[in-house]
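Thanks for coming, everyone. Let me put the structure up, and then I'll walk you through it.

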Amino acid sequence: MKTADALPTRTLAQRLQEAEATIAALLSGQIDAVVDAASKTPILLSKAQDALRRERDRAQRYLDTAEVILLAVDLAGRITLINRKGCDVLGWTADELFGRNWFETCLPAAIRQSVEQTFDKVLGGDVSVIENYVLTRSGQERLIEWRNTVVRDDLGQIVGTFSSGADITDRRALEEQFRQAQKMEAIGRLAGGVAHDFNNLLTVILGYSELVLADLPLDDSHKADIGEIQKAGTRAAGLTRQLLAFSRKQIIEPTLLDLNVVVADMRAMLGRLIGEDVTVAVKLASAPVPVKADRGQIEQIVLNLAVNARDAMPKGGTLTIEAANIDIDQHNAKTHVSVEPGSYVVLSVTDTGTGMTPQVQARLFEPFFTTKERGKGTGLGLATVQGIVTRSGGSVGVYSEVGKGTSLKVYFPRADAEEMPVAAPPQVRAASGVQTVLVVEDERGLRALAKRLLEREGYTVLAAANAEEAVQLFDANASIDLVLTDVIMPGASGPELTRRLLEQRAALKVIYMSGYTDDAIVQHGILKPGIAFLNKPFTSETLGRKIREVLDR
Amino acid sequence: VATLRRHDEALRLRLYIAGNAPNSLRAIANVKAICGKYFASRNELEIVDVLDQPRRALADGVIVTPTLLKLSPPPVQRVVGDLSDTNQVLLTLASR
């Protein structure tokens, strides 16, 4: 080994110069190997570089596999790293983004400044989680939730930020929908709960008003006053019905109806309701307009739409109510909002009023949204209409122009006209009876009222406050022909009670009464077949008629 | 006279390389080309492979390859890299 010619010692300046040259050569890739002084072995850089490259590729693969955006930005806001997900969301390639200013390239101009301020706070360690919109290459805005960390170099100096971002645009939209649904659900529960008690009270108020009215001499001075109590009670009952329809807890009895007949029957009432300034025009179809629906609900829809139309015409105008058959094919399905091709009946309510802006139209069916003065509208009218129509498999279309007027079209699937009864079903007369009725109702006032109303009709009435009492009375009285029971009671429910009674006597007649009920006697709000049901609040007439109808079956 | 004599001194070079790594092969080719063109007939080039003789590199204060040492005429000078910059190499070799 030739070690004899030891080289002269170099000066510090020379060593520094050499070190600089070595670094320059290293950086330009001109170095193959480094001789490690400690182990006295050469390390081939190509192998080290390969390993490094593999390591880097592997790291990149991990970054690219991540289902979140990974982004590093230096102090000047330049992008120093971005993964595949980030590129996917933003619509740029990584090469296009490297070195570009994050804030200028990927943020909507309107929020750029505020996000830059937030970036400064992130660098200061004050903020770690932020949400902001990013601007994609195609001009779309996506909402991103970022988790940020500060990046430091070996000396502990802050050199930038590293952030992971989740695209929460869709999630946020879903959450919003969910919140809305929850709100509706809560309102529904509230409405249902309130309506149950409220209907009991209204039945008592209306029932006793009726009894007093019937007993007062014709010329009694209190007759008009009691009449007012009755009117107020009836209006309150309408309001409860509205709430229940809106919360979809109303019990409906769909029957085959001719929309022509329903609208025609309402004409006189509408005339009184609408007022003198507005002309009411009713256009009926020449052929029957068959629809399977609950008559009360159809009437409610017409009323709600007519009242809205009237309120849109404070200076008068024309209100047109139209019933028609319509066939929607592929072609014109496009022009009818959310209507599938098929055969429909359509109820249109058109006014020549103020019309609506697109902003108002967009919120039209939102519960509690109203353009009416405080105290004039509940904001439930159209939400109710929407609820009823959707439940019946129909849809609602809105056409409005500011200053010209509004037309609301309610589409229902057309029923088979063949099944339509030629004449209205014969009304069962509320004839008096001699049979024995067992009334089961936990609400004392209501129980007493039902007893009194039925006794007036000539029935023998036994009354029980709960299922246990009812069973005892039933066992002691073999003569009971019919049980009129509440559905929801403390202890055993109405359906549970009747199951027990029917086991003993299968021929027993049963009527449930409720203002709102659980799934025991209804499915999706529709009565199970063969179940007799009396809606609360009831009057002596509806009660008497229902009892007669069931006893005569 | 001294200057002249040094001029006439043969150019003694030692090139540290690492096997047949690409920069090393390039450095060999480059230094041979430069010597052939500018110092023909009066140069002595020793090629040392650090894979075989790492201790010699350390003894000469060489820690990376390729490194070219000009041993004489003095002063001892070094060029690091693949020696593709002919001007820089010539400047170093001609220094005295």
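I'll start with chain A, move to the interface, and finish with two places on chain A.

One caution before we begin. This is a predicted model.

Chain A, then. Chain A has 553 residues, and 42% of them count as buried. The program counts 17 helices and 21 strands in chain A. Now look at how the chain contacts itself. Take the contacts between residues at least 6 apart in sequence: 63% of those join residues at least 24 apart. On the outside, chain A exposes about 29,900 Å². Carbon and sulfur atoms supply 54% of that area.

Next, the interface. How many residues does each chain bring to the contact? Chain B brings 31 residues, and chain A brings 22. Together, chain B and chain A bury about 2,200 Å² between them. Of that buried area, 61% is on carbon and sulfur atoms. Three residues of chain B stand out here: L58(B), R78(B) and V80(B). They supply 21% of the area that chain B buries against chain A, more than any other three residues.

Keep your eye on R78(B). Across this interface the rule finds 1 salt bridge. R78(B) forms a salt bridge with E18(A). The closest N and O atoms of that pair are 3.3 Å apart. Polar contacts come to 9 residue pairs across the interface, with both residues at pLDDT 80 or more.

Which elements of chain B supply at least two residues each to the side that touches chain A? They are β1 (11-17), α2 (22-38), α3 (54-59), β3 (64-65), β4 (67-72) and β5 (77-80). The largest share, 5 residues, comes from α3(B).

Now back to chain A, and to a nonpolar surface patch. The patch covers about 520 Å². L190(A), V194(A), F198(A), L201(A), I205(A) and I229(A) make it. Helix α7, residues 169-215 of chain A, gives the largest share of the patch, 5 residues. Take L190(A), which lies in helix α7. Is L190(A) buried or exposed? L190(A) has a relative accessible area of 58%, so it counts as exposed, since exposed means over 50%.

Last stop: G491(A). You'll find G491(A) in the loop between β17 (480-486) and α16 (494-504) of chain A. G491(A) counts as exposed because its relative accessibility is 63%, and the cut-off is over 50%. Where does A467(A) sit relative to G491(A)? The two are 24 residues apart in sequence, and 7.1 Å apart in space, C-alpha to C-alpha.

That's the tour. Over to you for questions.

Definitions and conventions:
Residues numbered from 1 in each chain as written. Chains lettered and ligands numbered in written order. Predicted model: local features only at pLDDT ≥ 70, side-chain atom pairs only at ≥ 80, totals over all residues. Heavy atoms only, no water. Patch = residues over 30% accessible without salt bridge, like charges linked within 9 Å, V, L, I, M, F, W, Y side chains within 5 Å. Areas by Shrake-Rupley, 256 points an atom, 1.4 Å probe, with all protein chains shown as cover. Salt bridge = Lys/Arg side-chain N within 4 Å of Asp/Glu carboxyl O. Helix = DSSP H or I, 4+ residues; strand = E, 2+ residues; numbered from the N terminus. Buried < 20%, exposed > 50% of the residue type's maximum accessible area, 1.4 Å probe, protein only. Contact = heavy atoms within 4.5 Å. Buried area = accessible area lost by both parts, 1.4 Å probe. Polar contact = N/O pair within 3.5 Å; in protein donor to acceptor, adjacent residues only side chain to side chain.
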